[in-house]
Amino acid sequence: MSSFDDPVIISCSISGVIANRDQCPAIPYTPEEYAAEARRAVDESASQIHIHARKPDGTPSYDVEDFQAITEAILAEVGDVIVNYSTGAIGIPIEKRLEYLRACRPDVAALNMSSMNYAKYSRRRKDFVFKAVFENSFDTIIEFLTAMKELGVKPEHECFDSGHVANLDPLVDMGLLEPPLQISLVMGVTGGIRPTPRNVTLMSDQIPGGPEGENQWQVIGISRDQWKLLASSLVLGGNVRAGVEDNLYLPNGEMCRSNGELIAKARQMAEDVGRRPASVAEARELLGVPGRERSPA
């Protein structure tokens, strides 16, 4: 098999909740804007769209109606793509976050794998831009996993340090998780692991079954260190995520004009190392995510 037969799942983090349009005009607010950005990303080979909902004025939202409207708009525009919801939040009750999973039943939902300090630090200001304690205890994780299993929603395990990957071990042993797992190595958040290529190797080596086993893993690189981290993932056999939630800038330092530009660069990088982007059908098979038989209720 040639290396170009080795597909890579390219995910798009389409909005996030921290940055706003004053920082990057490409960030979508309305369902129609989400749909347009999804079209640009899918046209450049994204097979999974990670969604944080917003109100049409750009305010972060955890309401069912906003997730529903955004998802319906995206699927009406692109036909089929793996829909992935965020469940991470600080100060939002678990039940409210479960409510939109129950109502909309996305293909996949992100699940943070440990409690941590979560912050952004400015060297210029010599101060934190924001800082908080991100609670993700085993009790919280198990509550989400139990609900996801009942709903038929595949968890995406977001790991911000090497020990977070190890937190998968007892959950696998308890029978709460079934392969193939979808594991995200999130690098570059203050409070988590440093964003270095060597740490991509360190974290990927912690994947249950090893980095070349049946479980799927991707790198999520935060801020401008993203591109060297994605390059490391690609050559090590991992998948990649790009989009305006993670990083606003192209490798040459120019601000992106759309999610599509970021996904196009990730696709080019995959092709440059002899891999190709997975189709939506291939990504579903690799991740163990069934075809879409239901529309958001």
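In this predicted model, N239 is buried, with a relative accessible area of 4%. That value falls under the 20% limit for burial. N239 belongs to strand β11, which covers residues 239-242. Beyond its sequence neighbours up to four places away, N239 touches P7, V8 and I9. Its other contacts of this kind are Q216, W217, Q218, V219, S233 and R275.

Nonpolar side chains tend to be buried together in soluble globular proteins. The largest nonpolar core here has 73 residues. I49, I51 and I74 have the most contacts inside this core. Apart from it lies another core, of 8 residues, with I9, V108, V280 and L287 among them. Leaving out residues up to four places away in sequence, I49 touches C12, I14, A38, A41, I74, V81, I82, V83 and N84.

I74 is also one of the buried residues of helix α2. The others listed for this helix are V64, D66, F67, I70, T71, A73, L75 and V78. Elements covering the buried residues of α2 include helices α1 (31-43) and α3 (94-104). Strands β3 (48-51) and β4 (82-85) are also among them. Helix α2 runs over residues 64-78 and has 15 residues. At 1.5 Å a residue, α2 should span 21 Å. Its end C-alpha atoms are 21 Å apart, so the expected and modelled spans agree. Just after α2, G79 takes a positive phi of about 85°.

Side chains of opposite charge can pair when their charged atoms come close. The model holds 19 salt bridges. One of them joins D43 to R39, with the closest N and O atoms 2.8 Å apart. Both residues lie in helix α1, 4 residues apart, about one turn of the helix. An α-helix has 3.6 residues a turn, so residues three or four places apart point the same way. R39 counts as partly exposed, at 24% relative accessibility.

A second salt bridge joins the side chains of R267 and E44, at 2.3 Å from N to O. This pair links distant parts of the chain, 223 residues apart. R267 sits in helix α9 (residues 259-272), whereas E44 sits in the loop between α1 and β3. E44 is partly exposed, with a relative accessible area of 25%.

E282 and R276 also meet through their side chains in a salt bridge, at 2.8 Å from N to O. E282 is partly exposed at 25% relative accessibility, and R276 is partly exposed at 22%. Elsewhere, salt bridges that share partners join K55, D63, D66 and K96 into one network.

Conventions
Residues are numbered from 1 along each chain as its sequence is written. This is a predicted model: local features need pLDDT of at least 70, side-chain atom pairs count only at pLDDT 80 or more; totals for chains, interfaces and linings use all residues. Side-chain values use heavy atoms; hydrogens and water are left out. Helices (H or I, at least four residues) and strands (E, at least two) are DSSP runs, numbered from the N terminus. Buried means under 20% relative accessible area, exposed over 50%, partly exposed in between (1.4 Å probe, protein chains only). Contact means heavy atoms within 4.5 Å. A nonpolar core is a set of buried Ala, Val, Leu, Ile, Met, Phe, Trp, Tyr and Cys residues joined through side-chain atoms within 4.5 Å. The expected span of a helix is 1.5 Å times one less than its number of residues. A salt bridge is a side-chain nitrogen of Lys or Arg within 4 Å of a carboxyl oxygen of Asp or Glu.
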